[in-house]
Amino acid sequence: MAKFRSLLFRDDTANIGRLSLPDDNVTLGVKYKMRSKPPILGKNPLIRSNSIIYNDVEIGDNFKTGHGVTIREKTDIGDNVLIGTNTIIEGQCSIGNDVSIQSNVYIPTNTIIEDYVFIGPCACFTNDKYPIRVDFDLKGPIIKRGASIGANSTFLSNIEIGEGAMVAAGAIVTMDVPEYFLAIGAPARIKPLPKYLKKLNKIN
């Protein structure tokens, strides 16, 4: 059976009867420290099996997951967001409205994703410039409004993807991508976007 652990609903407690959950292995509200607060969900969530949402998470309306999603503590998620199967959000992240994150995406601590962003399957973001070797202030990516991230792309820490920018599938991004530019290749080269691609995503 689905596991309900101190679940709260934003604005309207009547939502409890409209929560769509499978019958197996959904955990809402992992207590990671003393005095952590249960997650808050907006209207009409759909959370599929084997997903885990920690305490101190707040999620907007019309939230949907695939199977096996993990969302760690202190993450804020807006309205109309899709998180695909096996995606991991490591916590202390901000995700805007109308965002589509596909399956098998890794999002590290201290990541900011703005509105209307699309992230393709198996994209991997990092937040540690020198893993283990030196102390480093962990800085995930900043993905600005309306950017599109291709499948199997990889990002070094503290990268900013500009508004409306695109990252090609398989790119290895080692530097910031200006707004309405394209990152392509490994390591990625930065090129202007063709005129017909200079528009924001429509995700709803």
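Of the 204 residues in this chain, 44% count as buried. The model is a predicted one. Its secondary structure comes to 0 helices and 25 strands. The chain exposes about 10,300 Å², and carbon and sulfur atoms supply 51% of that area. Among contacts with a separation of 6 or more, 26% are between residues 24 or more positions apart.

The strands can be taken up through one sheet. Strands of a sheet pair through backbone hydrogen bonds, either parallel or antiparallel. Here 8 strands form an open sheet with mixed pairing, in the order β7-β10-β13-β16-β19-β22-β24-β25. Its edge strands are β7 (64-65) and β25 (189-192), each of which pairs on one side only.

The β25 end of the sheet shows both senses of pairing. Strand β22 (residues 166-167) runs parallel to strand β24 (residues 181-184), and 2 bridges join them. On its other partner, β25, strand β24 pairs in the antiparallel sense over 4 bridges. Ala183 of β24 takes part in both pairings: Val167 stands opposite Ala183, and in β25 the bridge partner of Ala183 is Ile190. Strands β24 and β25 also form a hairpin with 4 residues between the strands, where Gly185 takes a positive phi near 105°.

Next comes the interior. In soluble globular proteins, nonpolar side chains tend to be buried together. The largest nonpolar core in this model has 38 residues, and the members that touch the most others are Ile119, Ile161 and Val173. Leaving aside residues up to four places away in sequence, Ile119 touches Ser100, Ile101, Gln102, Val105, Ile113, Phe125, Ile143 and Ile149.

Phe125, one of those contacts of Ile119, also belongs to an aromatic pair. The chain has 1 aromatic pair. The pair consists of Phe125 and Phe155, with the rings 4.5 Å centre to centre and 25° between the planes. The arrangement counts as stacked because the angle between the planes is under 30 degrees. The pair links distant parts of the chain, with Phe125 in strand β17 (residues 124-125) and Phe155 in strand β20 (residues 154-155), 30 residues apart. Phe125 has a relative accessible area of 1%, so this residue is buried. Phe155 is likewise buried, with a relative accessible area of 1%.

The cysteines form no disulfide: the count comes to 0. Cys124 is in no disulfide, and the nearest cysteine sulfur, that of Cys122, is 9.8 Å away. A disulfide needs the two sulfur atoms within 2.5 Å, so the sulfur atoms of Cys124 and Cys122 do not qualify. Cys124 counts as partly exposed because its relative accessibility is 29%. Cys93, by contrast, has a relative accessible area of 4% and is therefore buried.

Burial is also found in a loop. Val26 lies in the loop between β2 (8-9) and β3 (27-30). With a relative accessible area of 0%, Val26 is buried. The C-alpha atoms of Val26 and Arg48 are 7.1 Å apart in space, while the two residues are 22 residues apart in sequence.

Technical notes:
Residues are numbered from 1 along each chain as its sequence is written. This is a predicted model: local features need pLDDT of at least 70, side-chain atom pairs count only at pLDDT 80 or more; totals for chains, interfaces and linings use all residues. Side-chain values use heavy atoms; hydrogens and water are left out. A nonpolar core is a set of buried Ala, Val, Leu, Ile, Met, Phe, Trp, Tyr and Cys residues joined through side-chain atoms within 4.5 Å. Buried means under 20% relative accessible area, exposed over 50%, partly exposed in between (1.4 Å probe, protein chains only). Contact means heavy atoms within 4.5 Å. Two strands pair if DSSP finds at least two bridges between them. Accessible areas come from the Shrake-Rupley method with a 1.4 Å probe; for residues, only the protein chains shown count as cover. Rings of Phe, Tyr and Trp (its six-membered ring) pair if their centres lie within 6.5 Å; planes under 30 degrees apart count as stacked, over 60 as edge-to-face and the rest as tilted.
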